[in-house]
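Hi everyone, thanks for making time this morning. Let me put the structure up on the screen, and then we can walk through a few parts of it together.

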Amino acid sequence: MVADITLKSISKKFKNNTALANINLTVRDKEFFVIFGPAGAGKTTLLNVIAGLYLPEYGNLYLNGVYFNYVEPEDRNIAMVFEDYALYPHFTVFENIASPLKSPKYKESKAVIEKEVTRVARILKIDHLLERNISELSNGQRQRVGLGRALVRTPNVFLMDEPITHLDAKLRHQMRAELKEMQKNLDTTTIYVTHDYLEALSLGDEIAILNEGKIEQIGTPDDIYFYPHNEFVASSFGEPEINFFDALVTDDKQLSIFEEAKIQDIPDIVKNKLDTSARSIRVGIRPKDIKYSFVKENDYSVECSVYSFEPLGAKAVLTVEKNGNQIRLVVPSILQMDMDQHVYIELDINKAMFFGPEKINLFSKFLKDAKGEVIWQS
Amino acid sequence: MAKLILDNLHKTYYKNKEPIHAVSDLNIETNDGEFVALLGPSGCGKSTTLRMIAGLEGVTSGNIRIGDHKINDLHPKDRNIGLAFENYAMYPPLSVYENISFNMRAKNVPRQKIKKQVEKISDLLDIKDLLHMNPSALSGGQKQRVNIARALIRRPEVLLLDEPLSHLDGKVRHKMRTEIKHLHNEIKCTTIIVTHDQLEAMALADRIAIIKDGVLQQFGTPLEVFNHPVNEFVAGFIGEPPMNIFSVFTKFKDGNIYFTSKNEKLQFKVPDKYVEFVQEGKEYHFGIRPTDISVITDDHPDSIDTNVTVFENLGEESRIHIKIEEDNILSIVSEEIYPFDTGDHIKIKFDTDRIHIFDIETGGRIENTKVTAILS
């Protein structure tokens, strides 16, 4: 079954609060599409608009090119998977998966139900668990049953609203891998909502980043991580958070990030993108791309004092202070640095990102026209 | 400045006349100015311990001392302890300034002195601009700062923090974690933090006390508990992504002794240092951290042939998952981003210096000599 979804200029208001503003996006057939954003960004509202639980104030929805704003939720053939799976605890796995087919809408015959449940169970590799009770299942198996129940209707589209967010960090790591393993067999267009950037990068074929009801960027995980459209996107992906520096651009197009360090050449490709009148630029560098040393190694390294040292296992987050600004680095835990110890840092300018006016990445591949529609840059 | 000593601390509740041992035989001695974390899953007794130290909960037996003073029987207000609660518990109609100075005003401390103290503390916590505001106008991070300021203004000998970060989300949480660590380094006040988040405990504490079912499992520095967990519980609790732990059986083959996984998918030689500790034909739990497994390209006698089940590219690192049992995956974390996909054949190798072997019955670490820890 082919299912692609297009949203054009979708807006939604709750009283005077704009929940969604001019959302344009296309989810292609069989794609795993992630909607990412912080709490309150409008992710769930967007999902509910697609499901038909909310009517948008403005804008059109299309399924396979057919306008479907006014199609009733039950007729959209969209299956939703909830955060807590909402399984029937006193039913067996078989009965849980079969439950939608027994509903008044489908009322399938026993033979059909048997066949469908077996098919779905095989895809999800839970065919050996069909007679078990829900209480006997592990978390991973429960999630599969939850998915199975959605899958049995052969929906056009799957909507998943933070299905693994409520688990603790350790289980989440395993469940994400499980989900990714199943994803290959689902073969159904899926829209997945999350606020966890690891889930977005791991699972998404494409990611839309939502913030305060607006789309900040749509792109593949590589686009998002390596070419974030703006500073918001850059700081949302990666932990510890990326560092930003206000740098000066000299008359002869050289770069000065720290006053006491030697002025350095701006890489040519950056120079070409730079506005001739630009006198300042924001430089973003991820914590792992900052080098540290205990002696001054060259003219580009600058002295900082240790603000805090937080071991997290094999790696540690080192926060240093320079001119009142905090800079985060990732270092091995065995360093065991003390407060106010002095350390030299050097930024790897070749791995830096450059943000121009309005905090937009000079190398963004994501552009919008005046109507807010996406133009792709090659 | 003071040492906090918990000496054979017990707490027993009675529920339907059945005793419940919330805390059993707890012995912890902090150094002067040390930052200690009480870490464990919910219901492990860590909060009960904190409440006993604060005096909000009686002690069944054992002693709590600050330096040489026994404080068991002292009224909470006489213990010289500052407590910052999880849920802030501020007076909503009062300003931040009034909230911070509430205690001093109740004790009729001269106004000038109060003002000086509040200024000093608000400087330290960077909340000078908030002093005239109402608590309701503050963000979560700001509230937590005020909360800590209120505990610190009494110049306590011991500062107690009860899950100070659990109400904050994402970025704010990380910032606050850094701030608390920095603050502790500035004031060097003996501090006890209660948390269920192992990353928080690792990041903040000089030493971590890991508690399970009211019993102390291990008390050590973050690197000690990470590198030399005394038992399987500590090994699995500390570290993110978690340590890979799975069953192995010992087996003799052509003069060598091997570990094999349940379904024999993984088979590898028992490292020399373990040979004398393992018995043949016995089951053990084998642990290795995801960062201690490498993907190798050339042949190596210890390499293991396997297939990728799931590959994740997470930007800054990649994770390779290999299904070794129903419901158990072996995960590898690497800084290198490989072009792998499901089903790809790869060779992996365990870092033999960094493997952990646990007894299946006691959960205790085998060849556990280096660890200076208390196991009951």
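In what order do the six strands of the open sheet in chain A run? Before I answer, please keep in mind that this is a predicted model. The order is E6-E7-E8-E3-E9-E10, and the pairing in this sheet is mixed. Now look at the two ends. Strand E6, residues 78–81, and strand E10, residues 214–219, are the edge strands of chain A here; each has a single partner strand, so one side of each is left without a neighbour in the sheet. On average, and ignoring direction, neighbouring strands of this sheet are turned by 20° against each other.

Let's zoom in on one end. Strand E9 of chain A covers residues 206–211, and E9 pairs with E10(A) in the antiparallel sense over five bridges. If you want a residue to click on, try A:Ile209: its bridge partner in E10(A) is A:Gln217.

Over to chain B. An unreviewed UniProt entry lists residues 4–238 of chain B as "domain: ABC transporter". In the model, that span is 36% helix and 27% strand, and its end C-alpha atoms lie 25 Å apart.

Chain B has an open sheet of four strands, in the order E2-E1-E4-E5, with antiparallel pairing. Which strands stand at the edges? They are E2, residues 18–29, and E5, residues 69–70, of chain B, and each of them pairs on one side only.

Strand E1 of chain B, residues 4–15, is a nice one to follow. On one hand, E1(B) and E2(B) pair in the antiparallel sense over eight bridges. These two strands form a hairpin with two residues between them, and B:Asn16 in the turn has a positive phi of about 50°. On the other hand, E1(B) pairs with strand E4 of chain B, residues 61–66, again in the antiparallel sense, over five bridges.

You can see both pairings from a single residue, B:Ile5. Its bridge partner in E2(B) is B:Glu29, and its bridge partner in E4(B) is B:Arg65. A little further along, B:Asp7 stands opposite B:Asn63 in E4(B). As a general reminder, side chains in a regular strand alternate between the two faces of the sheet. There is also a helix to find here: H1 of chain B, residues 46–54, lies across E1, E2 and E4 of chain B, and runs at about 115° to E1(B).

Next, some backbone details. Where are the cis peptide bonds? One joins A:Glu239 and A:Pro240, with omega about -5°. A:Pro240 sits in the loop between helix H8 (231–236) and strand E11 (243–249) of chain A. Another joins B:Glu240 and B:Pro241, with omega about -5°. B:Pro241 is in the loop between helix H8 (232–237) and strand E11 (244–253) of chain B. Back in chain A, A:Ser9 has a positive phi, near 50°, although this residue is not a glycine. A:Ser9 lies in strand E1, residues 5–14, of chain A.

Last stop: empty space. A search of the whole structure finds five cavities of 30 Å³ or more. The largest has a volume of about 70 Å³. Its lining includes A:Leu255, A:Phe258, A:Lys262, A:Gln264, A:Tyr300 and A:Leu347. By class, that lining has seven nonpolar, two polar and one charged residues.

That's my tour, and I'm happy to take questions!

Notes
Residues are numbered from 1 along each chain as its sequence is written. Chains are lettered from A and ligands numbered from 1 in the order in which they are written. This is a predicted model: local features need pLDDT of at least 70, side-chain atom pairs count only at pLDDT 80 or more; totals for chains, interfaces and linings use all residues. Side-chain values use heavy atoms; hydrogens and water are left out. On a 1 Å grid over the protein atoms alone, a cavity is a set of points where a 1.4 Å probe fits but cannot get out, and a pocket is an open set with protein on both sides within 12 Å along at least five of seven lines; lining residues have an atom within 4 Å of a point. Grid points are joined across faces, edges and corners, and a volume is the space filled by probe spheres set on the points. Ala, Val, Leu, Ile, Met, Phe, Trp, Tyr, Cys and Pro count as nonpolar, Asp, Glu, Lys and Arg as charged, and the others, Gly among them, as polar. Two strands pair if DSSP finds at least two bridges between them. Axes are lines fitted to C-alpha atoms, for helices over the stretch in contact, and angles run from 0 to 180 degrees between N-to-C directions. UniProt positions are given in the numbering used here, feature names are shortened, and annotations may be inferred rather than shown by experiment. Contact means heavy atoms within 4.5 Å.
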